[in-house]
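Student: Could we go through this structure together? I should like to begin with how far the model can be trusted and then turn to its architecture.

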Amino acid sequence: MLVQPNGVAVRATPGKEPLFSFGVIADVQYADIPDGRSFLGVPRYYRHSITVLQRAVRAWNAADKQHVRFCVNFGDIVDGFCPKDRSLPAVQAVVAEFARFHGPAYHMLGNHCLYNLPRTKLVSLLRMPTAAAAAEARAYYDFSPFPGYRFVVLDAYDFSAGGYGVDGRGVHHRTLEAALECPPGTDAFGRVDVYLDRMALVGTGRMRSTDMPLPSD
């Protein structure tokens, strides 16, 4: 077992490297405005969130042993409280940080994204593989980063703050901790190591590590 700094144990396979790894981050929700709180009273650190992203990109780029092939942004790239006249520059600033990653970055839309900019504009700004069909405002797509593996990105959103469950078919549902909710000096990002029999989310800072066995069939 590997025990992460946050105290969560992740099973290790002795002598075996993952097939591939990818970086994960959620809810950057950057805005150049003073810190505030959500409607439920949860503190939000709007300016610090982009610093969390910067540290995440540096960590993914430095993970030579794991070879982080790509990264996934799980939505809400800008916060709904961002003034409308600053929304586009805020999104562009975050996209510029993702561009520093040494590999492709795949994005999802969140409700805060859609509070600020139209879907067609976001699909283009985030360079989603469906950008050629931007007129259809499609934000769902799929990609294959490794032989035998297909990733399907859905055009949907929900809320949950670190939830995890496994359904009756063995499909893992993991809601990632938000970068936006990290006080200065803390982080919430991670990487996922993919093995033949499981996926291991290795969290940094407030993001919990999670071991996710894959169905044997």
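Tutor: The discussion below takes up confidence, the sheet, the core and one loop residue.

Student: What kind of model is this, and what is the average pLDDT of the chain?

Tutor: This is a predicted model, in which local features need pLDDT of at least 70 and side-chain atom pairs count only at pLDDT 80 or more, whereas totals for chains, interfaces and linings use all residues. Residues are numbered from 1 along each chain as its sequence is written, and side-chain values use heavy atoms, with hydrogens and water left out. The chain averages a pLDDT of 85 (the predictor's confidence in each residue, from 0 to 100), and 85% of the residues score at least 70.

Student: Where does pLDDT stay under 50?

Tutor: That applies to residues 1-10. The model has 25 contacts beyond four places in sequence for this stretch, a contact being heavy atoms within 4.5 Å.

Student: Turning to the sheet, what is the strand order?

Tutor: The order is β7-β6-β3-β12-β13-β14, an open sheet of 6 strands with mixed pairing. Strands here are DSSP runs of E with at least two residues, and helices are runs of H or I with at least four, numbered from the N terminus. Two strands pair if DSSP finds at least two bridges between them. At the edges, β7 (105-107) and β14 (210-213) each pair on one side only.

Student: How many bridges join β3 to β12?

Tutor: There are 5, and the two strands run antiparallel. G23 stands opposite R191 in β12. Helix α1 packs on the sheet and touches β3, β6 and β12.

Student: And the largest nonpolar core: which residues touch the most other members?

Tutor: They are F22, I25, W60, F70, I77 and V94, out of 57 residues. Such a core is a set of buried Ala, Val, Leu, Ile, Met, Phe, Trp, Tyr and Cys residues joined through side-chain atoms within 4.5 Å. The largest share, 6 residues, comes from α1. Apart from residues up to four places away in sequence, I77 touches V28, Q29 and Y30, among others.

Student: Is D79 buried or exposed?

Tutor: D79 counts as buried because its relative accessible area is 0%; buried means under 20%, exposed over 50%, and partly exposed in between (1.4 Å probe, protein chains only). This residue lies in the loop between β6 (68-73) and α2 (84-98). Beyond four places in sequence, D79 has contacts that include R44, H112 and N116.

Student: How many disulfides does the structure hold?

Tutor: It holds 0, a disulfide being a pair of cysteine sulfur atoms within 2.5 Å.

Note on methods:
Axes fitted to C-alpha atoms, helices over the stretch in contact; angles between N-to-C directions.
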